[in-house]
Each structure stands twice: as C-alpha cells, then as structure tokens.
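Work through the two exercises below with the model open beside you, and compare each step with its worked solution.

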Amino acid sequence: MPQASTDRADRADRTASSRDIGIDLGTANTLVYARGHGIVLDEPSVVAVRTGTTTALAVGTEAKETLGRTPGSITAIRPLRDGVICDFEAAEEMIRHFVRKAVPGRRPRTRMVVCVPSGVTQVERRAIVQASTRAGAKTVHLIEEPMAAAIGAGLPVSEARGSMVVDIGGGTSEVAVICLGGIVTSRSLRVGGDRMDAAITDHVRREHALLIGERTAEDVKIAVGSAWPVPGLPELESRTHTVRGREKVGGMPKTLELTALDVRAALDEPVAAIIAAVRATLEECPPELSGDVMERGITLTGGGALLPGLDLRIASATGIPVFVADAPLDCVVLGSGRCVEDMDTLGSLLAPAKP
Ligand code: ADP
Ligand code: MG
C-alpha cells in the first residue's frame, strides 16, 4: 500500500486477544481496532479469487499485489468498491479473513462495531451483519462512517453544536453535519480516490495518447497530485513523475514525464464534485448549525484528505476554514475503537443490528 508507513505495516504483526473489535470496512482499506490494543490490522479491501469461482486465493495486502496484473485465471475483487457491496461472497470472505487474522484463536462472545458507508442499503447492512456473525461476532453494532470519522477526528459529536466532517475514501466521499450525537444532514457521493485515479488515467490517454493502469495512476496521484497551490510547498508546482504505459496507437511500451500542473488539471473534475457536495450539504443544513460550521470549520478525514491543497481549495470555495484531521486514514477505525472502548457511554450512537 503506497501510503503505508513502517508503523502501519507493523500493525499487521500485532494480534489481539480482545473480544471486542471495531472494523472500518472501507472501499479501499479495512482496519481493525481491538479493545485495549488499538489498531491491529490495516490492509487493502481486496480479495483474489479463481476466475468464475468464489474460492479466495488471497485477501488484503497479498491480493492487492495482484490487482491489474492478474493472469486470466485469477480475478482481484474489491467487494465494496463503490460503497455498495458488489460481491457478497467476497465481502464475507474478506471480513472472516480479517477478523481471524486480527483476533486469532477462539472468538467467544466477540462484540463488533462495524462502520459502513452511509449509502449502503438495508440488504447490504444485513449482509454485513451476517458476515460478521459468521466470522465469530456475538453481537454486531453498525455505525455510520461519518459519525465514526467525526469521533475519530476528535470532534465534539455529542455537543449541541454543529460539526462538519468530510471523509474522502477510495470509492466514496461522505459529507455530514453532526450535532447532539446524530447526523443532521449528510450525503454520500461515489467520488473519491478511485475517481481521482481514473481522472488521471483519462487525462493521460486523452492528452498524451498513453494507456496506464489504475495502480500507476494512484502512484502518480500520491507522488505529484494536488488540488491547489500550497504556500508552504512551492516545490510542489515543479514536481514531475515518470510513468510507464502503452501507446494508444501501436501499443508499444512508452515512458512519459507528467508534471504536477498536468495532474492538478486532471484532478479538477473529481475535486469540484467533492466541493459541490460540501456546498449542497451546507445549503440544506439548519442556519444555526451552518453558523457553527462557519465558525469552527470543516474537518477532512480519509485518504483523500492527504491530497495536498484540497483543504485550501475547499476553504477558498466555501469561505470556511478547513482542517485535515491527524492521521486521516485512521479516523474511522479510531472512532469505532472509541465506541468499543466505551460501549456504555457511546452505545447510544450505535444501532444494535439483528442478522
Ligand atoms: P476507504 O475508507 O474508502 O477504504 P481510505 O480512507 O482508506 O478509503 O482512503 C483510500 C484512498 O486514499 C485511496 O484512493 C488512496 O489512493 C487515497 N490516498 C492515500 N494517500 C493519499 C495521498 N497522499 N494523496 C492523495 N490520495 C491518497
Ligand atoms: Mg473510509
């Protein structure tokens, strides 16, 4: 995973004996928090299966390695890719695998708090609860992702003041205003890191007649992507990144040097879509609460929050201060972790779910 630091990679080696866990079932990454231990697992939400079957050959980090370069006999699936479950069996296999890995041995009476994208349907919720139960959960609570993100970012969700959180994940972004422990208004859009990657792929194909893969596009985004000039990072404007692809005409391998400005232009459309969703959410928010947001600012979480200049661009478009949460990729799982650590106090934020 490109964004993995040593610290994040180390987590995979830690395991927990705790019975209570929080899971961030993200479209790009799944993280697990174990009560008393912290984050114990952090892997891509990918399952590799033998084509035409449901036999999982690899899950997580190992399976992501195969994305885009699988032989015909293996298919790499991202079960939650667009925020909806496109493959129930793969999703269940993934949840089971990650829970077993995070909490090895017997799992009697495990309580799980699972974060789900707020766009998932009742049927999908039931499927997630069922999969978690089969993976060993005694009780399963579902928590809406923006609520978990806000808790994990340290926002005062229970207070009588409005807080706005924008969680930019891989397949979806969630925008929500939270007050008194509830989501007052929210929207979920199918624009996130994946759409940014696709925008780069399209731009390179259109402007440079070069075909590149989605992993390459993500590398470009992380290496030289930005949404707006950043005063503290003047060198951002002059960065370049060399990509390898295949010529559209002729099909020969070719390398190309992309500039940061080229990539910023490519990212304009998905970034504009996120801004439009922020504005629309503000517009339908009760005036007192939007006043609170004006004053206290907007908090960005999720991997997309790491795109340089995104905060400044949203601030410029809305006139509201924007902050990037500490460790934005961890906010959702830390929020679910807070619920796990403190089931009694935060239990009211959770809806118990029946399989
Ligand atoms: P999800 O919750 O949907 O699993 P995450 O919050 O884990 O998503 O974020 C994953 C997304 O963040 C991916 O699309 C990834 O490319 C993107 N991302 C990670 N690091 C950066 C970065 N430094 N700049 C821009 N995007 C990033
Ligand atoms: Mg997420």
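**Exercise 1.** Is Ser-173 buried or exposed?

*Solution.* This is a predicted model, in which local features need pLDDT of at least 70 and side-chain atom pairs count only at pLDDT 80 or more, whereas totals for chains, interfaces and linings use all residues. Residues are numbered from 1 along each chain as its sequence is written, ligands are numbered from 1 in the order in which they are written, and side-chain values use heavy atoms, with hydrogens and water left out. Ser-173 belongs to strand β10, residues 173–179 (strands are DSSP runs of E with at least two residues, numbered from the N terminus). With a relative accessible area of 0%, Ser-173 is buried, a word that means under 20% relative accessible area with a 1.4 Å probe and protein chains only. Its side chain reaches the backbone oxygen of Val-191 at 2.6 Å.

**Exercise 2.** Describe the surroundings of ligand 1, starting from its shell.

*Solution.* Among the 17 residues around ligand 1, those that come nearest are Thr-27, Ala-28, Asn-29, Glu-218 and Lys-221, where a residue counts if one of its heavy atoms lies within 4 Å. By class, this shell has 5 nonpolar, 10 polar and 2 charged residues.

Turning to oxygen atoms of ligand 1, one lies 2.6 Å from a polar side-chain atom of Glu-218, and an oxygen atom is 2.6 Å from an N or O atom in the side chain of Lys-221. For Gly-303, a backbone N or O atom lies 2.9 Å from an oxygen atom of the ligand. Taken alone, ligand 1 exposes 580 Å², of which the protein buries 94% (areas from the Shrake-Rupley method with a 1.4 Å probe).

Notes: Polar contact = N/O pair within 3.5 Å; in protein donor to acceptor, adjacent residues only side chain to side chain. Nonpolar A, V, L, I, M, F, W, Y, C, P; charged D, E, K, R; others polar. Helix = DSSP H or I, 4+ residues; strand = E, 2+ residues; numbered from the N terminus. Buried < 20%, exposed > 50% of the residue type's maximum accessible area, 1.4 Å probe, protein only.
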